[in-house]
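With the model open in your viewer, please follow the stops below in order, making each selection before reading on.

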Amino acid sequence: MNATLTLTRPDDWHVHLRDGEGLRAVVTDTARQFARAIVMPNLTPPVTTVAQAEAYRDRILAVLPAASTFTPLMTLYLTEAMLPLEIERASRSGLIHAVKYYPAGVTTHSEAGVRDLAHCSEALRAMEDLGVPLLIHGEVNDPAVDIFDRERVFIERHLIPLVQRYPQLKVVLEHITTASAVKFVLTADDNVAATVTPHHLLYNRNALFQGGIRPHYYCLPILKREAHRQALIRAVTSGNPKFFLGTDSAPHARSTKENACGCAGIYSAHAALELYAEAFEGAGALGKLEGFASHFGADFYGLPRNTQSVTLVRESWTAPATQPFGPETLVPLRAGEAIAWRLQAPI
Ligand code: NCD
Ligand code: ZN
């Protein structure tokens with residue numbers, strides 16, 4: 001008999017569901033695996049008001065499979081025009097669980113992001129007072145800084161001063177990729193945590209260039225050296241509750257990835273938990289998967305842990321070469337290749 005692993009149903013604390021024609025396919029994958037997900041607000045235009053977030057939430061709920069109990073946890077996109085009043089409204093809404101900070105120009109749909117965080121001080125103070133978490137894309141957008149160093153430099157230039165200025169602010173450093181980020185999170189107070197993606201646990205930067213240029217491994221922050229991957233593996237398998245699951249699953253149509261200027265983003269929602277299971281198994285630490293995937297994020301966000309469970313079976317299957325994405329297709333992570341675990345009888 002194949003080995004199985006039963007866990008409390010997990011949540012995804014960082015996902016891109018997009019909007020419009022591609023929404024249904026993407027939401028269906030995430031809802032099959034996760035009870036809840038923190039939904040990124042980087043639409044065009046970005047989700048900057050409570051009213052926009054509520055309308056987006058309704059569009060997500062409208063495309064859910066009938067039997068699904070999936071709950072989208074909405075976020076706002078921080079701009080320099082964000083008023084403290086909007087933060088208060090968000091906090092009262094019960095539907096909005098965080099605010100996302102994109103340094104302007106740093107990644108996909110971040111043009112409306114923040115140029116100078118000093119211009120956001122009132123909004124940040126309101127978040128600190130009300131306990132609304134700030135989710136950070138932690139990279140500098142400085143062409144003089146090597147792309148592989150942008151996370152480390154962001155931590156030094158911006159993040160250390162930020163947590164000093166707002167010591168009570170709840171902060172999640174999203175999709176961490178470096179030993180520097182692990183160290184920062186470990187030494188920070190308990191109100192500072194991090195999410196980690198499956199791709200940054202499974203691949204190093206060689207994957208980008210295996211036999212040629214591989215656009216489906218391109219995401220931001222970019223994959224790093226093996227030593228950094230190992231630091232991430234150590235962090236997530238340590239059982240430290242500051243590190244929890246956030247896939248950063250970020251779908252793009254195949255034609256925009258396989259392109260002279262391909263978009264950043266890796267799609268993993270079709271097999272997220274299975275891919276994490278591989279990474280934990282590779283480190284001999286499957287017993288640490290449940291805390292990371294199903295407990296620590298809920299605890300950090302002050303939400304109840306899920307009560308349902310899911311079961312993974314150790315049974316190899318082949319990920320599809322492509323998947324529908326509205327009128328287009330997308331190429332998921334591990335396309336056409338084997339995945340060692342399979343999620344059993346999902347909704
Ligand atoms: C994300 C996207 O496509 O929206 N891309 C990515 O490479 N991760 C944006 C982001 O999270 O940086
Ligand atoms: Zn993201």
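**Ligand 1 and its surroundings**

Begin by selecting His 16 together with ligand 1: in this predicted model, a polar side-chain atom of His 16 is placed 3.1 Å from an oxygen atom of the ligand. Add Arg 18, where a polar side-chain atom lies 2.8 Å from an oxygen atom of ligand 1, and then Asn 42, whose side chain has an N or O atom 2.8 Å from an oxygen atom of ligand 1. Taken alone, ligand 1 has 310 Å² of accessible area, and the protein covers 100% of it; the space that the ligand takes is the largest cavity.

Widen the selection to the 15 residues around ligand 1, of which Arg 18, Thr 107, Leu 220, Asp 248 and His 252 come nearest. By class, this shell holds four nonpolar, nine polar and two charged residues.

**The largest pocket**

Next, move to the largest pocket, which holds about 400 Å³ of space. It is lined by 25 residues, and those closest to its centre are Arg 18, Asp 19, Leu 43, Thr 44 and His 109. Select helix 2 (residues 50–62) as well, since it supplies the largest share of this lining, with four residues. Coloured by class, the lining shows 11 nonpolar, nine polar and five charged residues.

**The second largest pocket**

Finally, turn to the second largest pocket, with about 240 Å³ of space. Select Tyr 101, Arg 115, Asp 116, Leu 117 and His 158, which are the closest to its centre among the 16 lining residues. Helix 5 (residues 150–165) gives the most to this lining, five residues, and the lining as a whole divides into 10 nonpolar, two polar and four charged residues.

Methods:
Residues are numbered from 1 along each chain as its sequence is written. Chains are lettered from A and ligands numbered from 1 in the order in which they are written. This is a predicted model: local features need pLDDT of at least 70, side-chain atom pairs count only at pLDDT 80 or more; totals for chains, interfaces and linings use all residues. Side-chain values use heavy atoms; hydrogens and water are left out. On a 1 Å grid over the protein atoms alone, a cavity is a set of points where a 1.4 Å probe fits but cannot get out, and a pocket is an open set with protein on both sides within 12 Å along at least five of seven lines; lining residues have an atom within 4 Å of a point. Grid points are joined across faces, edges and corners, and a volume is the space filled by probe spheres set on the points. Helices (H or I, at least four residues) and strands (E, at least two) are DSSP runs, numbered from the N terminus. Ala, Val, Leu, Ile, Met, Phe, Trp, Tyr, Cys and Pro count as nonpolar, Asp, Glu, Lys and Arg as charged, and the others, Gly among them, as polar. A residue is near a molecule or strand if one of its heavy atoms lies within 4 Å of it. A polar contact is a pair of N or O atoms within 3.5 Å; within protein, one must be able to donate a hydrogen and the other to accept it, and residues adjacent in sequence count only if both atoms are side-chain atoms. Accessible areas come from the Shrake-Rupley method with a 1.4 Å probe; for residues, only the protein chains shown count as cover. A molecule sits in a cavity or pocket if more than half of its atoms lie within 2 Å of its grid points.
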